[in-house]
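Here's a quick look at helix packing and aromatic rings. Have the model open as you read.

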Amino acid sequence: MSTRFIDVPALAQLLQRVGLQPFIEGLAAAIEEDFRRWPDFDKTARLASHSPQGVIELMPVAGPARYAFKYVNGHPGNPARGLPTVMAFGALADVDTGMPVLLAELTLTTALRTAATSALAARALARPGARRMALVGCGAQAEFQALAFHALLGVAELRVHDRDSAAVDKLAHNLAPWRGLRVHRCADAAEAVRGADVVTTATADKRHAHVLLPAMVEPGMHLNAVGGDCPGKTELHPEVVRAARVFVEYAPQTRVEGEIQQMPAGFPVTELWQVLSGRVPGRTGAQEVTLFDSVGFALEDYAALRFVQGLAAAHGVGREVELVPQTPDPKDLFGLALGTAAGLRRAA
């Protein structure tokens, strides 16, 4: 049995065949399906190795039939070196045998699943009819967030701000083909969020930043905080967090990495799976301010990997690789090292 390998060109090919919006919609459905099965999974907070330059993490999760993990980094200074801030790959394995069935790029896929999860949460938490979204931060995640909210919520107006005008130019150019999504440039974050139904912050600085201040928050807003995803890195003023009803992915992880790292240990939060499964209500009133404190959780990657696996098989994308030994005699591993006939699956 071989392993299906999906590299970046293969994933891009899959996206072009399926279409970006249908892919995001299908991915969001897969994530929701797995979140509704939350109790079935063996979960743990990700394992992080921090350095002054950034963080490298491993994100594992296991279900009844499949095990998944992701390797991912976060290095805000990487663009100056010509490298992405976030780079990732992952694997999906069979629980019964441990056989890896999929090895895949997850840099592009992580951007897609992060956006799909954001929009999925907003669909459950934002006011009905939310059509105007503020986007503060126009880096690598920005276009994916815009398209996910356009696809899942029908967002039609995007008010954007970034300190880097070239990043705004990039976003406007990339989103130009979507005629139903109007992009308005704003001079600062305060202008961008004024009158917005949804506010997404997606900045990358590894510091306690105050991208969103209490005076900017209006009754009924839904806040989608994406950029704060490790210790020492936040985007919202603490009083913004304190005044909102906060929803998270996995509380033990978010309390260390998310906006709520600024709050006391007992600060009340609701895990998103409880809302998606109908156990806890989402928004309780038109004036309520809701906050999705998004840091990314391994179950989202699990859903993304199985979704990609299914699409890749259906469209014949990717290739089979021999990631683990395949021998007539599973006990003769040494024969592979010698290149003997007994140790090779295929004779020369």
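Below come one helix pair and then some aromatic residues.

Keep in mind that this is a predicted model, where local features need pLDDT of at least 70, side-chain atom pairs count only at pLDDT 80 or more, and totals for chains, interfaces and linings use all residues. Numbering starts from 1 along each chain as its sequence is written, and side-chain values use heavy atoms, without hydrogens and water.

Start with helices H3 (residues 107–125) and H4 (residues 142–153), which pack with axes 8 Å apart and an angle of about 40°. H3 and H4 are therefore oblique to each other (neither under 35 degrees, nor over 145, nor 65 to 115). Their crossing is right-handed. Residues making the contact (heavy atoms within 4.5 Å) include Leu108, Ala111 and Leu112 of H3, and Phe144, Gln145 and Ala148 of H4. By class, that contact has 13 nonpolar, three polar and one charged residues.

Now the rings. There are eight aromatic pairs, counting Phe, Tyr and Trp (its six-membered ring) with centres within 6.5 Å. In one of them, tyrosine 71 and phenylalanine 89 have ring centres 5.1 Å apart and planes at 20°, so the pair is stacked (planes under 30 degrees apart). The two residues sit 18 residues apart in the chain. Both are partly exposed, meaning between 20% and 50% relative accessible area with a 1.4 Å probe, protein chains only.

| Residue | Strand | Relative accessible area |
|---|---|---|
| Tyrosine 71 | E5 (residues 66–74) | 27% |
| Phenylalanine 89 | E6 (residues 88–94) | 38% |

Elsewhere, one aromatic cluster is formed by Phe35, Trp38, Tyr250, Trp273 and Phe297.

Notes
Axes fitted to C-alpha atoms, helices over the stretch in contact; angles between N-to-C directions. Helix = DSSP H or I, 4+ residues; strand = E, 2+ residues; numbered from the N terminus. Left-handed = near helix turned anticlockwise from the far one by under 90°. Nonpolar A, V, L, I, M, F, W, Y, C, P; charged D, E, K, R; others polar. Phe/Tyr/Trp six-rings, centres within 6.5 Å; stacked < 30°, edge-to-face > 60°.
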